[in-house]
Amino acid sequence: MNIIIFGPPGAGKGTQAEKLIEHYNLPHLSTGNIFRENIKNETLLGKKVKSIMDDGKLVPDETVVELVADELKKEKYNDGVILDGFPRTVTQAKTLDAFFEENNKKVDAFLTLDVPESELVKRILNRGEGRSDDTPEKIKTRLKVYREETEPVLNYYEVKGQAIHINGTGTIDDIFDRIKTALDS
Ligand code: AMP
């Protein structure tokens, strides 16, 4: 099962992805985690993306797409994947579709977490992960980037009839129950 978990910054994608991984026994592919790991290890890729991430902007499509295509070729993703933080632009979504088609795979579910904007900012400021892009000013940029560049991805999957809206408010378990109900139905 190939599942995309989608939503604005602070919607709880990472948290719900962790629950999905455990419940459905699928591997996690978080582009943000891969970038943070590369920054920590001071790799070439890390050096390339650090200032972009620190500014709350998006890493260029070519870089992200190359990374994800290389990653998805690995055997561990043969039975499926939980994609978290990717695709974030319509170009990325189209490239993913083409990649899946070439490999006789498809997006089985596109889950979008609906959370009001006032709640998003509160959640990010409270999560205390020490991320350099979790400051009020950077959050503002990330939300703007989300609205301008990432939200069209939702429309792309809506048009294809694949988007499943999940109420992203309430407890972590409430939200996960809604996801399970949606996926199992
Ligand atoms: P995340 O952990 O998903 O919130 O991602 C953190 C940051 O990593 C984003 O604000 C972007 O700078 C970068 N990033 C992660 N995934 C992508 C992507 N699919 N496309 C472009 N930039 C990304």
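At 10% relative accessibility, Asp134 counts as buried in this predicted model, since the cut-off for a buried residue lies under 20% relative accessible area. The side chain of Asp134 nevertheless meets that of Arg127 in a salt bridge, with an N to O distance of 3.1 Å, and Arg127, for its part, is partly exposed, with a relative accessible area of 30%. Through salt bridges that share partners, Arg127 and Asp134 are joined with Arg131, Asp133 and Arg142 into one network. The structure as a whole holds 17 salt bridges.

A further ion pair is formed by Arg147 and Glu117, whose side chains meet in a salt bridge at 2.8 Å, N to O. This pair links distant parts of the chain, Arg147 being located in helix α7 and Glu117 in helix α6 (residues 117-127), with their positions 30 residues apart in the numbering. Arg147 counts as partly exposed at 40% relative accessibility, and Glu117 is likewise assigned to the partly exposed class, at 40%.

In the salt bridge between Lys76 and Glu71, the closest N and O atoms are 4.0 Å apart. Here Lys76 is exposed, with a relative accessible area of 52%, whereas Glu71, at 12% relative accessibility, counts as buried.

A contrasting case is provided by Asp61, which lies in helix α4 (residues 61-72) and which is buried yet has no salt bridge. The nearest side chain of opposite charge, that of Arg88, is 9.4 Å away, and Asp61 is therefore left without such a partner, because a salt bridge requires a side-chain nitrogen of Lys or Arg within 4 Å of a carboxyl oxygen. The side chain of Asp61 does, however, make a polar contact of 3.0 Å with the side chain of Gln92. When residues up to four places away in sequence are not counted, Asp61 touches Gln92 together with Thr89 and Thr91.

Helix packing was examined for helix α5 (residues 90-102) and helix α7 (residues 136-159), the axes of which come within 8 Å and cross at roughly 40°. That crossing angle makes α5 oblique to α7, because angles under 35 degrees would count as roughly parallel and those from 65 to 115 as roughly perpendicular. On the α5 side, the residues that take part are Val90, Ala93, Lys94, Leu96 and Asp97, and these meet Pro152, Val153, Tyr156 and Tyr157 in α7.

Definitions and conventions: Residues are numbered from 1 along each chain as its sequence is written. This is a predicted model: local features need pLDDT of at least 70, side-chain atom pairs count only at pLDDT 80 or more; totals for chains, interfaces and linings use all residues. Side-chain values use heavy atoms; hydrogens and water are left out. Helices (H or I, at least four residues) and strands (E, at least two) are DSSP runs, numbered from the N terminus. Buried means under 20% relative accessible area, exposed over 50%, partly exposed in between (1.4 Å probe, protein chains only). Lys and Arg count as positive and Asp and Glu as negative; His and the chain ends are not counted. A polar contact is a pair of N or O atoms within 3.5 Å; within protein, one must be able to donate a hydrogen and the other to accept it, and residues adjacent in sequence count only if both atoms are side-chain atoms. Contact means heavy atoms within 4.5 Å. Axes are lines fitted to C-alpha atoms, for helices over the stretch in contact, and angles run from 0 to 180 degrees between N-to-C directions. Angles under 35 degrees count as roughly parallel, over 145 as roughly antiparallel, 65 to 115 as roughly perpendicular and the rest as oblique.
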